[in-house]
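User: I should like to learn how to read the features of a protein model in an orderly way. Please take me through the one displayed here.

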Amino acid sequence: MKQGLLDQSCVATFDKAIKYELGHFYLYTHLANAMQTIGYFGAQEYFLAESKEEVQHYQKHIDFLNDLGNFTTLPTLVPEKVIPKTLEQALKLAYDNELDLLEYYRTMYNEEGKEYPEISEHLMFYLKTQREAVGFYGDMLARLSLVKDDSCGILLIDKELKKLA
Ligand SMILES: [Fe+2]
């Protein structure tokens with residue numbers, strides 16, 4: 001077995017990041033299923049595509065830890081309890097979760113990056129990904145607020161999401 005080059009408290013910050021990323025895989029699968037039940041098939045496809053990306057984000061952390069000789073066990077995931085009844089509620093859940101993770105990576109970058117500069121380099125991908133996710137869901141929520149309760153407008157946004165999947 002390789003020698004672990006990161007200390008345990010540092011690995012614990014990765015454990016939390018891994019839990020977030022796999023939790024987002026769960027969240028997007030949940031949102032896709034919820035959108036399917038109310039007929040937003042574009043949003044369903046979009047969230048399914050996102051859920052696959054989250055698994056890649058998780059794997060990048062595992063590969064990074066492996067480079068430095070560290071191994072960690074998988075977290076227990078708790079499914080999202082809130083079942084969104086509208087596209088807006090689904091996008092808001094996505095926005096809130098991505099913002100939460102952006103804030104987590106900012107802190108991780110500032111704290112762990114000082115001791116291990118390679119962590120700063122590794123986290124650049126995640127900071128960019130989180131910033132873009134927050135920007136994207138923010139844009140979608142802004143567009144939804146323009147159409148308010150207009151079904152045609154919401155269905156157009158749903159169609160747009162299908163193209164982005
Ligand atoms: Fe992610």
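User: What share of the contacts in the chain with a separation of 6 or more comes from residues 24 or more positions apart?

Analyst: Please note at the outset that this is a predicted model. Residues 24 or more positions apart supply 76% of those contacts.

User: Which secondary-structure elements does the chain contain, and in what pattern?

Analyst: There are 5 helices and 0 strands, so that the order along the sequence reads α-α-α-α-α. The C-alpha atoms occupy a box of roughly 60 × 25 × 25 Å along the principal axes. Of the 165 residues in the chain, 30% are buried.

User: How does one read the relative direction of two helices, for instance H1 and H3?

Analyst: One considers the angle between their N-to-C directions, and an angle over 145 degrees counts as roughly antiparallel. The axes of helix H1 (residues 8-37) and H3 cross at roughly 170 degrees and come within 11 Å; H1 and H3 are therefore roughly antiparallel to each other.

User: Which residues form the contact of H1 with H3, and of what kinds are they?

Analyst: From H1, the participants include Cys10, Thr13, Ala17, Tyr20 and His24. On the H3 side they include Leu87, Ala90, Asn97, Tyr104 and Glu112. By kind, the residues of this contact comprise 14 nonpolar, 3 polar and 1 charged.

User: How can the length of helix H4 be checked?

Analyst: One compares an expected span with the distance between the end C-alpha atoms. H4 covers residues 117-147, and at 1.5 Å a residue its 31 residues should span 45 Å. The end C-alpha atoms are 46 Å apart, which agrees.

User: Where does H4 bend, and by how much?

Analyst: The bend is at Leu123 and amounts to about 35 degrees. Leu123 is also one of the buried residues of H4, among them Ile119, His122, Tyr126, Gln130 and Met140.

User: Against which helices do the buried residues of H4 pack?

Analyst: They pack against helix H2 (41-67), helix H3 (87-115) and helix H5 (151-164).

User: What is to be noted about the backbone of Lys148, the residue that follows H4?

Analyst: Most residues other than glycine have a negative phi. In Lys148, a residue other than glycine, phi is positive, near 50 degrees. Lys148 belongs to the loop between H4 and H5.

User: Is Lys148 buried or exposed?

Analyst: A residue with 12 or fewer other C-beta atoms within 10 Å counts as exposed. Lys148 has 9 and is therefore exposed.

User: How does Gln59 fare by that criterion, buried or exposed?

Analyst: Gln59, which is found in helix H2, has 12 other C-beta atoms within 10 Å and is exposed. The C-alpha atom of Gln59 is separated by 8.6 Å from that of Ile18, although the two residues are 41 residues apart along the chain.

User: Which class does Tyr26 fall into, and which residues does Tyr26 touch?

Analyst: Tyr26 lies in helix H1. With 15 C-beta neighbours inside 10 Å, Tyr26 counts as partly exposed. Leaving aside residues up to four places away in sequence, Tyr26 touches Leu77, Pro79 and Glu80.

User: How far is Tyr26 from Tyr58 in sequence and in space?

Analyst: They are 32 residues apart in sequence, and their C-alpha atoms are 12 Å apart.

Key
Residues numbered from 1 in each chain as written. Predicted model: local features only at pLDDT ≥ 70, side-chain atom pairs only at ≥ 80, totals over all residues. Helix = DSSP H or I, 4+ residues; strand = E, 2+ residues; numbered from the N terminus. Expected span 1.5 Å × (residues − 1). Bend = angle between axes of the 7 residues up to and from the residue. Buried ≥ 20, exposed ≤ 12 C-beta atoms within 10 Å, placed from the backbone. Contact = placed C-beta atoms within 7 Å. Axes fitted to C-alpha atoms, helices over the stretch in contact; angles between N-to-C directions. Parallel < 35°, antiparallel > 145°, perpendicular 65-115°, else oblique. Nonpolar A, V, L, I, M, F, W, Y, C, P; charged D, E, K, R; others polar.
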